[in-house]
Amino acid sequence: MNTKSKLLTGNEAIARGAWEAGVTVAAAYPGTPSTEILESLSTYDQVYAQWSVNEKVALEIASGASMEGARTLVAMKHVGLNVAADPFMTLAYTGVGGGLVIVTADDPAMHSSQNEQDNRYYALMAKVPLLEPSDSQEAKQYVIEAFRLSEKYDTPVLLRTTTRVSHSKSEVELLPRLDRIKPEYAKDSSKYVMIPGYGRPRRTNLINRWNRLAAHAENSPLHYIYRPACSQAPEVGMVTSGISYQYAREVFTGIDILKLGITCPLPQKLIQGFARGKKLLLVAEELEPFLEDQIKALGLGVEVAGKQYFPQQGELSLAIMKEAYTQLFGSRGQSPFSPAPQEVPSRPPVLCAGCSHRPVFYVLHKLKVRVMGDIGCYSLAVLPPLNAMDSLLCMGAGVGQALGMEKANPDIKGKVVSVIGDSTFFHSGITSLVDSVYNQGTGVIIILDNRTTAMTGHQANPGMGSTLQKEQVPVVLPEKIAEAAGVKNIQVVDPYQLEQLEKVIKKELARDELSVIVCRQECVLLKKEGIQERFFIDQAVCRDCGVCLKFGCPAIQVRKGKYLIDGIMCTSCGVCPSLCKFGAIKREGR
Amino acid sequence: MEDRKTCIPQNAGQDIQEDIVSVLLAGVGGQGIILAAAILAEAARLGGLEVKQSEIHGMSQRGGSVVSSVRLGRQVFSPTIDRADFIVALEKLEALRYAHRLKKAGLMLISDYEIAPVSLFTSKQQYPSHLEDKIAKTGVNCQLVDAQQAACQIGHPKTVNVIMLGVLSRHMDLSLQCWLQSIEQNVPLKAVDINLEAFRRGRQY
C-alpha cells in the first residue's frame, strides 16, 4: 500500500476529512461525544478553529464564513443542535456560499448526556441532507462528500455520528488537502436577508432543492449493498445505516444488507428495488424508527419490521443483534452473556479529590436550600453523600428555573440558589442572569468558576485568557458581567475557605435582592504546583463519627475500621480540617 | 459449535467472527486504560491486522469504572465486544465486574490492586474481601499479577497499564517489534524508556 494510514477516532477522522476538504474556518462548543473534532482540527495548518460560547453562535460564525466563500465546519453534541436550531432552520433557506457542514454527535444510551434525542428528525424538518458514517474511514470520506453536496445544492449538510462512531478508532487512509479556490463574495440580499418578501421565494427554492436532493440520494455512491455469496434467506433483507450496519454485518452474514449512506432524503427507489422479491425488510437502527416509519410509508407490499426486534432506547450491540438473529433464524452459537456475578459494588464517577465545587455543595446541603443545577462536573453533586442538586435541565436553565420557582412561591425566598459553571455561564447563563435582574429576582446565583470547561476535558473559554489555538486574549470575568447587568450584591470567594464560604452564602441568602457569588478556584486537575502540605487523621483524636465522609472526598477513606487520608489521592486543598469538630484532621508537622 | 436450526453456509462469513480477537480493558478512571487500549490497537495495526477500538469519554473520566475494547482480525465490524477472548483488569473489583464477559476459553489478567469506590464509604460498606475467590468462583481462567508492586519496584507506580500489556503480549500472536514501536508512538517522548522498561517487566510474567 503506497498510501499513508493511521488509526483515528471518528472525531479525528472528521477533522481530517474537513482538512482534506479544504476547510478554513471551524467553530464549536465542547460537548461529549463531539469535543475532539475541534480539538483535532485546531492542530492543522491553514485552519482557523475556535470555541464559541455556545452552538448557536458557532453556527452563526460558520454562516458568515461560508458567505465569504470559506468551507466551514461546525460540530456539536445532539443537544447542541437544539441551541443552534434557530439559525439552523433559516440557514436551510438562505443556503451557503462555501460548503457548510454541521456535525451532530448523538449519544444513544446517554453515556454523557441529559437525553438521547435522535437528531435525524432535524434534517427532515429543515429539509437538509443527512449523512451517516459507520466507521472512521467513512467519517472522513462522508465529510468530504458533504462539502461537495453543500456547494452543489447550496445547502447546509448534516453529518450525524453516534457515540460509537465518534469515539471508536479504526484505520483511515490519509490523503492530501484539496487545493480549493475560494469564491468571491457577491452581495445578494434576496438570498441572505430573510425578510418575508425574500423568504417566500426561498421557501419555494427549498422545496425544489429537496426534490433534486431526493434524486441525488437515489444514486449516491455512499449507499452500499452487501450480498453474501450464498444467501441464507433470499426472502429477507436488512436496511440499516451508521454504526448499526457494523453490528448487523457481523451477525447477519447470510442475508442481503442495504447500508444507507444518505438517510435524508430517503432513497425511495433504491429501497424499492432492494425490496423486490423479498417478503421481509428488517430495519436496524438505534433510537427512533426514523427509517422504519418512512419505509413503511412507501407501501412496498412487503413486511417491514424494526422496533419489534431492536429497542427504541440505548445503543445497539452484538448481543442485541444476535438476539434478533435468534428470533428470526433460531440459535446462533453461545448465548451472549453468562449471568452477571453476585452483586458488585457500583463505581459511579465522583468529583475529584480536592475539587473546588465540593465545599460549595457541602455547604448548600447543610443549609438545606433548593439547588437549581446545571451541566458540568458539578452535576455529580447530585449523588450521595452531597445530594445537593434539585434540577438539571439543560445548559443555563438553573438560573431561570430558580427565578420561576421564586415567582411561583414567594415564600421560598432565601431558600433557592442556582449554580452554574463558568463555561456554562458564558454559554447561556448570561441571558438568564439579565432576566433575573430585570424581573427583580431575589435569589442567589452561584457561579462555580474553576477557570476552565472541566467536564469535557479542560477546553478554553472566555474566562481563561487563551483560545483554542493558544492565542493570549483578555480575560472575561463573570462578576464584571453581573455588575454591568446591574447586580448590586456581588461576592468573589475562595471555596476552599469553608467557613468564609458558608458565611457569605448565608448572608446573601438573607438579602431581599439578587446576589451573585463567584466561587473561584482553579480546577484541581490543572494545578501546577505539587502537594504543599500533607494531611492526616489523628487516630488518638478521631471519634469514628463519620462526619468527614459526608464531604465525599475520595481521599478520605475507611480501611479496616480506621478513618484515614490517602496520601496518593490527597491534593492538599486544605478544606478537610474544618470538617472535624474534634480536630482530628491535622496538617503534618502541626 | 452447537446445532443450528437454519442452514448457514460455512463460507457465508459465519466464521469470520471467530477470527476476531476481542480484548476488554477495564479499570478505574485515571489508570491509563485508554492509553493501554491505544497501544494494543496500534501494535495490531502495525502487525497488519484490521483493528477497531472503542471507549466512552466524558463522565467516566472522573474516577468511575472505565472500559475500553480492542478488536483485531482479518476483518472487524463491530467496535464493541460481545464476549472477550482476553480481559485485562487493572483493578480487582473491576475484574469481578467484567468476569462474566469472558469467553469460556478466554483468559483474564488481573492486576492485584484495590481502589475502593467512594460510594462504598458513603453507604457504610467495606471493599469486598476475598475478591480472588469470588473471581475464581465465576469459573474464569485468570492470572493474578502483582503489577502495582512491580511498577513501584521499577520506580514508576503509574506504569501498571503497560506492565499488564507486557503480560498480555505473551499470550498474543503479535511480534515484539510491533509492541515496542507502538509504545514509542503512543507515549510522550520523555516517558518512552520508562514504558519500554515496564513492558519488558510485564513480559517476565
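## Strand 13 and its neighbours

In this predicted model, strand 13 of chain A runs parallel to strand 14 (residues 303-305) of chain A, and three bridges join the two. A:Leu280 sits opposite A:Glu303 of strand 14. To get from strand 13 to strand 14, the chain goes through helix 13 (residues 290-297) of chain A, making a right-handed β-α-β crossover. Strand 13 also pairs with strand 10 (residues 236-241) of chain A, again in the parallel sense, this time over five bridges. Here A:Leu280 has A:Val236 standing opposite.

How many residues of strand 13 are buried? Five of five, across residues 280-284 of chain A. In a regular strand, side chains alternate between the two faces of the sheet. For strand 13 of chain A, both faces are covered: A:Leu280, A:Leu282 and A:Ala284 are buried on one side, and A:Leu281 and A:Val283 are buried on the other.

## A salt bridge inside helix 13

Back to the crossover helix: helix 13 of chain A holds both A:Lys296 and A:Glu292, four residues apart, or about one turn of the helix. These two form a salt bridge, with their closest N and O atoms 2.8 Å apart. The partners are covered to different degrees, because A:Glu292 is buried at 5% relative accessible area, while A:Lys296 counts as partly exposed at 43%.

There's a network to look at too. A:Asp106, A:Asp118, A:Arg120, A:Glu132, A:Arg160 and A:Glu285 are joined into one network by salt bridges that share partners.

## Salt bridges across the sequence

Over all chains, the count comes to 42 salt bridges. One of them pairs A:Arg71 with A:Glu151, at 2.9 Å between the closest N and O atoms. This pair links distant parts of the chain, 80 residues apart: A:Arg71 is in the loop between helix 3 (55-67) and strand 4 (72-77) of chain A, and A:Glu151 is in helix 7 (residues 136-153) of chain A. Are the two partners buried or partly exposed? A:Arg71 is buried, with a relative accessible area of 7%, whereas A:Glu151 is partly exposed at 29%.

A:Glu315 and A:Arg164 also meet through their side chains, in a salt bridge of 2.8 Å from N to O. A:Glu315 lies in the loop between strand 14 and helix 14 (318-329) of chain A and A:Arg164 in helix 8 (residues 163-167) of chain A, so this salt bridge ties together parts 151 residues apart in sequence. Both A:Glu315 and A:Arg164 are buried.

## Helix 8 of chain B

Over in chain B, helix 8 (residues 176-186) has B:Cys178, B:Trp179, B:Leu180, B:Ser182 and B:Ile183 buried. What do the buried residues of this helix pack against? Their neighbours are helix 2 (33-46), helix 7 (160-169) and helix 9 (192-203) of chain B.

## Chain A as a whole

Zooming out, chain A has 19 helices and 23 strands. Its radius of gyration is 27 Å, close to the 25 Å that the globule rule gives for 590 residues, so chain A is as compact as a globular protein of that length. The C-alpha trace of chain A spans about 80 × 65 × 55 Å along its principal axes.

Of the 590 residues of chain A, 60% count as buried. Chain A exposes about 23500 Å², with carbon and sulfur atoms supplying 53% of that area. Among the contacts in chain A with a separation of 6 or more, 75% come from residues 24 or more positions apart.

Definitions and conventions:
Residues numbered from 1 in each chain as written. Chains lettered and ligands numbered in written order. Predicted model: local features only at pLDDT ≥ 70, side-chain atom pairs only at ≥ 80, totals over all residues. Heavy atoms only, no water. Buried < 20%, exposed > 50% of the residue type's maximum accessible area, 1.4 Å probe, protein only. Pairing = 2+ DSSP bridges. Right-handed = clockwise from strand over helix to strand, strands pointing away. Contact = heavy atoms within 4.5 Å. Salt bridge = Lys/Arg side-chain N within 4 Å of Asp/Glu carboxyl O. Rg over C-alpha atoms; globule rule 2.2 N^0.38 Å. Areas by Shrake-Rupley, 256 points an atom, 1.4 Å probe, with all protein chains shown as cover.
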